[in-house]
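Please open the model in your viewer and keep the selection tool at hand. The stops below follow one another, each with something to select and something to look for.

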Amino acid sequence: MVIAFIWSNGVVVEDCRNSHFSRSYTEEYCNRFFSVADRALFFTRIEKSDRTEGLTNMDEMPIEFYECINPMSVYGFLRRKVNDERLENVISKSDAVVINLPSLFVGKRAETICRKKGVPYLVQLGGCPWDVLKNRGIIGKLLAFPALIANKRDIKKAPAVIYVTKNFLQNRYPTHGKSIGCSNVTLQEVSDQVLVQRIKKIDSHKGKLIIGTAAAIDIRYKGQQYVIKALEKLKKLGDDRYEYQIVGGGDPRYLNGVIRKLHLGANVKILGSLKHEDVFKWMDEIDLYIQPSRTEGLPRAMIEAMSRGVPCLGANSGGIPELIENKCIFSNGINEVKEIAELLHQIDKDSMREMANLNFKSAKQYNAKTLRMRRNSFYREILRDEKREGEEEK
């Protein structure tokens, strides 16, 4: 069986040897498709680069790549017919299709082609296009409302939807089709000793409080700048006990500019991309994790931090309030910097112990084996079984 995966926001890096790497697609993520398929066709964005450190080598898996021209670029808009032709070609070669949304223009077109050709498909909804686009400049703000309406309509009539949240996306984008809530985040079994070590770390803490965020550093709605500005506010009030470490790939020029402007070079460190296993080591070293995003589905890095017993703060975005208590949430609007500063200033060992215990317990809901079984069962029900029924009818 051949399955097509459609995602215009995913990025695959192709180096000079025509090898393929990605931070969007981990080996665990790709293997989900091979529970129902022998081969996968990925319709996604492809970028040329020799910088592949910390990325997943995708050539070790039975995947063929087809380039999607970025539909949000001027060039992509002018070449949208080329995208349509490539998309139709990929779907024509497939027995079933998985469409990852939000994916402006491409996702909607893929659904239309699948219905026209009678190819079974399901949608994976990983975030809210309204929240994403309203935080992406003038063009994004103009597209936000039409994207909200279009996504509501498309999700409502989709035959099957996998939501990454428990409630947030389901409430905003209900469907008439079959659905499950199943996070994209999956964690291996974690020993209770992890929590024991975290509590010891909290009890013995001295010196600076090390705060961390793991997210792309060149996407402004990820919000690292708001944490930096909160540290400046606290420093002016005489509270200079923080070090902020930022992990993630991308161009650091904007964040470096914010750091220089606020004279916080001694307080903020941009660490760049880390291998996935090294991210967990880093999380064991920090004292507090913060997710300041203006938009989220269900943040993988935050759940991973929770699984290491790390106390967490987060913005009132997407599924973040499903993960941590209300008193650990700050707004994602004009008061964000002020509220982050207030929460940081109030942090003490008692509150950190409480957060560590609650977070570790909550993270156990995202056990890889449990989520894999639920997702694979849904894949088989919607994709493999429907295809078999279609073939029998012929």
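Begin by selecting the open sheet, in which 6 strands follow the order E12-E11-E10-E13-E14-E15 with parallel pairing; strands here are DSSP runs (E, at least two residues; helices are H or I, at least four), numbered from the N terminus, and two of them pair if DSSP finds at least two bridges between them. The model is predicted, so local features need pLDDT of at least 70 and side-chain atom pairs 80 or more, while totals for chains, interfaces and linings use all residues. Residues are numbered from 1 along each chain as its sequence is written, and side-chain values use heavy atoms, without hydrogens and water.

At the edges stand strand E12 (268–272) and strand E15 (329–330), each with a single partner strand, so one side of each has no neighbour in the sheet.

Next, select 209–214 and 242–247: these are strands E10 and E11, which run parallel and are joined by 6 bridges. Within this pair, Ile 210 stands opposite Glu 243 of E11.

Now add helix H11 (276–285), which lies across E10, E11, E12 and strand E13 (288–291), at about 150° to E10. Contact means heavy atoms within 4.5 Å, and angles, from 0 to 180 degrees, are taken between the N-to-C directions of axes fitted to C-alpha atoms, for helices over the stretch in contact.

Finally, which elements give two or more residues to the lining of the second largest pocket? They are helix H2 (74–78) and helix H6 (137–157), with H6 giving the largest share, 3 residues.
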